[in-house]
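Q: Hi, I'm new to this one and would like a walk through it. Could you start wherever you think best?

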Amino acid sequence: MPYVAGLHAAASAFLSAGFAAQFTIALVICLVILLATSSLQEDADDAPTSLPGLALLHIFPFFRRRHQFLNWGFSVTGQNAFQFQLMSNTVIVVSGASARRAFFYAKGFDLTEGFKILSGAIPMVRGVTSGLQTKRISTIHKRLTAVQKNASLSELIPAILEDSRRILESYSTSGTFDPFEKVYELLFQTTVRSLSSSEIADDAALVLRLKKLYDRLDAGTTPASVLAPWLPTPAMIKKLWATKGIYDIIVRAIDARERSGVPQNDTLQMLIDSGDDRLTVVGFIMGLLIAGARATGTTASWMITFLGGHAEWRYKAKAEVAALLAAHSPLDPATKSTSLSARLAEIPLESWEAETPVLDAIIRETLRVAQPHTAMRRNLGPDTYINEKLIPTGAYVVYPFSDVHLDPEIYPDPWRFDPGRETSKFPVDLAYVGWGVGKTTCLGTRLAKVELKLTTALFLLAFDHTLVDTAGAVLDAAALPRPNWDDIFMCRPAPATCLVAYRRTALAL
């Protein structure tokens, strides 16, 4: 009887407590139940080895120190595949050449489902950017392909260069800046120009607000907001408000275009003219803006950083762009005032793509050493095996790019930035996956490369730059900061680790 009376008293106390207390207690009970049930589960003989320790203790490092956490997992298990639990979700991490091929070519592995649960860093709006039907996803992919057709991409070149000119023109004649702020802002602008509307791209204040909303979305991406999106944490509320703000900006731009009835030569007009429904148009812009800006912004920031510390490659890149100008837009003595941006815009698309091997090598090497990608999939097909380990239906599968890109057996001294590395005789299968591989390659590769080449070319010709520390001392190649792969968005080093010191050249932007 005392035991029953105690339960009754506890129940009465729970019911009389406020909602916040009840919610907290209920959440703790749920977590305890999840922990208890997961600890009671036994691995099948052909299942990957489970990580030691409490499952709850794996959640934070997976989201906040992912590179270290995954390396620890391979080290502590001594296996080329291991598994752990994210709440009720089984996550299996694989490595090695055979696993890499199996992972990227598996028919049943779904990118969208994997990214939604394991990342959660895109604005989620049901029917707009999540929960999409196959037909709508296919339509978005077709439209992205259309943006990158020869005619469309050629027409974008002058606009991208003009945006870059306007932003670079605002810089002082000399000074310093954080490349992970300034260069990222520049690439955010050019991505908005390429993938949205002139109503947004022409309004510098609106672009800045859009960037801040996407930054807020990143800040709101916490383990709780990803794994328990129904939980009204401050981070989740912040994320929802940021998503609403992004949605409202895009919808207002669409409404303005439709009210005006005046067609524009931009991506929004292409989407409208294609007869796409409102949700497809909004989803295209919302999702692809951040996907494109993050990847190209990160790469561009590191390109300028690496070139600032590697004079040899900086001079090679400048010489390559100067040769393009001499061949396609020679400076006529009668038109000496012609700006760099205008002259670069005269270089045809095919030349940017086929006559820039130095820039290609720099982009490739930057992606290898400074893109902290972790490929994420969910097995929506039948049970399958990787490295002779079971990948059951419904399980999430992870392949870290560091497994190949930072492998010293493939890339000696892997953290060293060296665009001149020999890449034609790699000893292993799929030795480079910078743009994806198999059935999930980056669909925006062509646009991204053009953006990177145009913005880098204009910056290199308009400014002389080096890398310095906070005291102003020049940093050589040996002193450059190492990309931080635990920063899953930008791979940026610790704040104020390095700055770009620049001085304008005599050439007019």
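A: Gladly, and please keep in mind that this is a predicted model. A good place to begin is strand 9, which is mostly covered, with five of its five residues buried.

Q: Which way do the residues of strand 9 point?
A: Tyr-396, Val-398 and Pro-400 point one way from strand 9, while Val-397 and Tyr-399 point the other way, and all of them are buried.

Q: And which sheet is that strand part of, in what order?
A: Strand 9 belongs to an open sheet of six strands, which follow one another in the order 1-2-3-9-6-4, and the pairing in this sheet is mixed.

Q: Which strands stand at the edges?
A: Those are strand 1, residues 49-50, and strand 4, residues 109-110; each has a single partner strand, so one side of each is left without a neighbour in the sheet.

Q: What holds strands together in a sheet, generally?
A: Strands of a sheet pair through backbone hydrogen bonds, and they can do this either parallel or antiparallel.

Q: Back to strand 9, then: is its pairing with strand 3 parallel or antiparallel?
A: Strand 3 and strand 9 pair in the parallel sense, and three bridges connect them. Looking at individual positions, Ile-92 stands opposite Val-397 in strand 9, and Val-93 stands opposite Val-398 in strand 9.

Q: And with strand 6, parallel or antiparallel?
A: There the sense is antiparallel, with strand 6 and strand 9 pairing over five bridges. Met-376, for instance, has Val-398 as its bridge partner in strand 9, so Val-398 is a residue to look at from both sides, given that Val-93 of the parallel pairing also stands opposite Val-398.

Q: What about strand 3 itself, buried or exposed?
A: Five of the six residues of strand 3 are buried, so this strand is largely enclosed by the rest of the structure.

Q: How many bridges join strand 3 to strand 2?
A: Six bridges join strand 2, residues 81-86, to strand 3, residues 89-94, and the two strands run antiparallel. Within this pairing, Phe-84 has Val-91 as its bridge partner in strand 3, and Gln-85 stands opposite Thr-90 in strand 3.

Q: What sits between those two strands?
A: Strand 2 and strand 3 form a hairpin with two residues between them, and Met-87, which lies in the turn, has a positive phi of about 55 degrees.

Q: Which helix lies across these strands?
A: That is helix 4, residues 66-77, which lies across strand 1, strand 2, strand 3, strand 6 (374-379) and strand 9 (396-400), and which runs at about 125 degrees to strand 2.

Q: Changing topic to helices: at what angle do helix 13 and helix 15 cross?
A: The axes of helix 13, residues 234-260, and helix 15, residues 278-309, come within 10 Å and cross at roughly 125 degrees. The two helices are therefore oblique to each other, and helix 13 passes helix 15 in a right-handed crossing.

Q: Which residues make that contact?
A: On helix 13 they include Ile-246, Tyr-247, Ile-250 and Asp-255, and on helix 15 they include Arg-278, Val-281 and Met-286. By class, the contact of helix 13 with helix 15 has nine nonpolar, one polar and three charged residues.

Q: How does helix 9 cross helix 15?
A: The axes of helix 9, residues 179-195, and helix 15 come within 8 Å and cross at roughly 140 degrees, which makes helix 9 oblique to helix 15. This crossing is right-handed, and the residues of the contact divide into 17 nonpolar, seven polar and one charged.

Q: One more residue: where is Thr-366, and is it buried or exposed?
A: Thr-366 lies in helix 19, residues 357-370, and it is buried, with a relative accessible area of 0%.

Q: What is Thr-366 in contact with?
A: Leaving aside neighbours within four places in sequence, Thr-366 is in contact with Thr-299, Trp-302, Met-303, Phe-306, Gln-371 and Phe-417. Thr-366 and Thr-305 are 61 residues apart in sequence, and their C-alpha atoms are 10.0 Å apart in space.

Q: And the chain as a whole, how many helices and strands?
A: The secondary structure comes to 21 helices and eleven strands, and buried residues make up 51% of the 509 residues in the chain. Among contacts between residues at least 6 apart in sequence, 75% join residues at least 24 apart.

Notes:
Residues are numbered from 1 along each chain as its sequence is written. This is a predicted model: local features need pLDDT of at least 70, side-chain atom pairs count only at pLDDT 80 or more; totals for chains, interfaces and linings use all residues. Side-chain values use heavy atoms; hydrogens and water are left out. Axes are lines fitted to C-alpha atoms, for helices over the stretch in contact, and angles run from 0 to 180 degrees between N-to-C directions. Helices (H or I, at least four residues) and strands (E, at least two) are DSSP runs, numbered from the N terminus. Angles under 35 degrees count as roughly parallel, over 145 as roughly antiparallel, 65 to 115 as roughly perpendicular and the rest as oblique. A crossing is left-handed if the near helix is turned anticlockwise from the far one by less than a right angle, and right-handed if clockwise. Contact means heavy atoms within 4.5 Å. Ala, Val, Leu, Ile, Met, Phe, Trp, Tyr, Cys and Pro count as nonpolar, Asp, Glu, Lys and Arg as charged, and the others, Gly among them, as polar. Two strands pair if DSSP finds at least two bridges between them. Buried means under 20% relative accessible area, exposed over 50%, partly exposed in between (1.4 Å probe, protein chains only).
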